[in-house]
Amino acid sequence: MSELDRPLGVRRTTASFPVVQRTGILFLRRFTQSFIDFFRQVGVRGYFLRDIGRALGDPATFVPETIRQMRRIGVDSIPLTVIVAAFIGGVIAIQTRYQLFPGVQLSIIGLSTRLMIVLELGPLLTGLVLTGRVGARMTAEIGTMRVTEQIDALETLSYDPLAFLIVPRLLACLVMLPALVILADFTGLLSGYAVSVYGTDVTSQDFVTGVRLGFGTFQVVYSLMKATLFGGAIAFVCSYEGFVTEAGAEGVGRSTAKAVVITSVSILVLDALTAALFAPYLQT
């Protein structure tokens, strides 16, 4: 049937088109739907962020829980943070030493260790490691409360679920991630010093001279800036995925895996954006 013979108001189905045209139509339809879904997800998370802002007006609910979450997120993560930073600092120092050409000043080992730890690996690895330890736990806890209707019970008791569950975790991450990064930076440098001085021919003066070379206070601010952004990403993404969990125990596992993946990618994107925006100011 030609288009002229088709009755008015009758729509032509996709299957009636030739194969090439049908493939193009299906591709365009899927691309458009994915585009719409992306902005829908952005909008939903925007509303969630707005609700978090409103929940900040209830300090009587979130302040006591924030202190408890600071202990669980920060203090309980100290051993893992120290172990990771110590190994990374030692590996950087020993790898740098044995990759140097003859005649290169050994103070470059201290400089390289400081730059890699403070500017990049300290905050980045701490954020990624805590995504698995803190973020996954956060999503699983809130998701379990959602599927077991504990969040509905909080609403029944006139508690704001966001003020009781989300805001404390967000504030705790924003405070404790920079503190853990400071500890990771110090531990990494100390480990690099110990490995260099006691494991290679680098002297203590060489390493300390390299650490001090070209040091600026903005480098520490830059590291803490990354830590704050990473902490916010962990708390926001993982809390949201837990809060919207559905479909029982299977949904909790799916939300946890999704939260860890999205948070890890978000941390890498934030790391790249921070470097692109602020790296030119590191030597000022």
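Here are four short exercises on a helix, the pockets and the cavities of this predicted model.

**Exercise 1. Follow helix α6 from its start and work out how its span compares with the expected one.**

Solution.
- Step 1: Get the limits. Helix α6 runs over residues 161-199, which makes 39 residues.
- Step 2: Compare the spans. From first C-alpha to last, α6 reaches 53 Å, and that is close to the 57 Å expected at 1.5 Å a residue.
- Step 3: Look for a bend. You'll find a kink of about 30° at Val167, shortly before the proline Pro168.
- Step 4: Check the start of the helix. There, a side-chain oxygen of Asp160 comes to within 3.2 Å of the backbone nitrogen of Leu162. That pair passes as a polar contact, for which the cut-off is 3.5 Å.

**Exercise 2. Find the largest pocket and say which element gives the most to its lining.**

Solution.
- Step 1: Start with the volume, which is about 220 Å³ for the largest pocket.
- Step 2: Pick out the lining in your viewer: Gln41, Arg45, Tyr240, Glu241, Val244, Thr245, Glu246, Gly251, Arg254, Ser255 and Lys258.
- Step 3: Map these onto the helices. The elements that give two or more residues are α1 (19-55), α8 (217-243) and α9 (248-278).
- Step 4: Name the top contributor. That's α9, with 4 residues.
- Step 5: Sort by class. The lining splits into 5 charged, 4 polar and 2 nonpolar residues. Tyr counts as nonpolar and Gly as polar here, so Tyr240 goes with the nonpolar group and Gly251 with the polar one.

**Exercise 3. Do the same for the second largest pocket: how many of its lining residues are nonpolar, polar and charged?**

Solution.
- Step 1: Take the volume. The second largest pocket holds about 160 Å³ of space.
- Step 2: Select the lining residues, which are Arg114, Val118, Ile182, Asp185, Phe186, Leu189, Val211, Phe215, Val220 and Leu224.
- Step 3: Assign them to helices. At least two residues come from each of α4 (107-147), α6 and α8, and α6 gives the most, with 4.
- Step 4: Look at spacing along α6. Its share includes Ile182, Asp185, Phe186 and Leu189. An α-helix has 3.6 residues a turn, so residues three or four places apart point the same way.
- Step 5: Count the classes. There are 8 nonpolar residues, 2 charged ones and no polar ones.

**Exercise 4. Now turn to the closed spaces: how many cavities of 30 Å³ or more are there, and what lines them?**

Solution.
- Step 1: Count them. Searching the whole structure turns up 2 cavities of 30 Å³ or more.
- Step 2: Take the largest cavity, with about 80 Å³ of space. Its lining is made of Gln69, Arg72, Ile73, Arg133, Val134, Arg137, Met138, Glu141 and Arg169. Two or more of these residues come from each of α2 (59-73) and α4, with α4 giving the most at 5 residues.
- Step 3: Class that lining. It has 5 charged, 3 nonpolar and 1 polar residue.
- Step 4: Move to the second largest cavity, which has a volume of about 50 Å³. Around it sit Thr81, Val84, Ala85, Ile88, Ile117, Leu121, Gly122, Leu125, Thr126 and Ala184. Here α3 (78-98) and α4 are the elements giving two or more residues, and α4 has the largest share, 5 residues.
- Step 5: Class this one too. The second largest cavity has 7 nonpolar and 3 polar residues in its lining, and no charged ones.

Definitions and conventions:
Residues numbered from 1 in each chain as written. Predicted model: local features only at pLDDT ≥ 70, side-chain atom pairs only at ≥ 80, totals over all residues. Heavy atoms only, no water. Expected span 1.5 Å × (residues − 1). Bend = angle between axes of the 7 residues up to and from the residue. Polar contact = N/O pair within 3.5 Å; in protein donor to acceptor, adjacent residues only side chain to side chain. 1 Å grid on protein atoms, 1.4 Å probe; cavity = no way out; pocket = protein on both sides within 12 Å on 5 of 7 lines; lining within 4 Å. Points joined across faces, edges and corners; volume = space filled by probe spheres on them.
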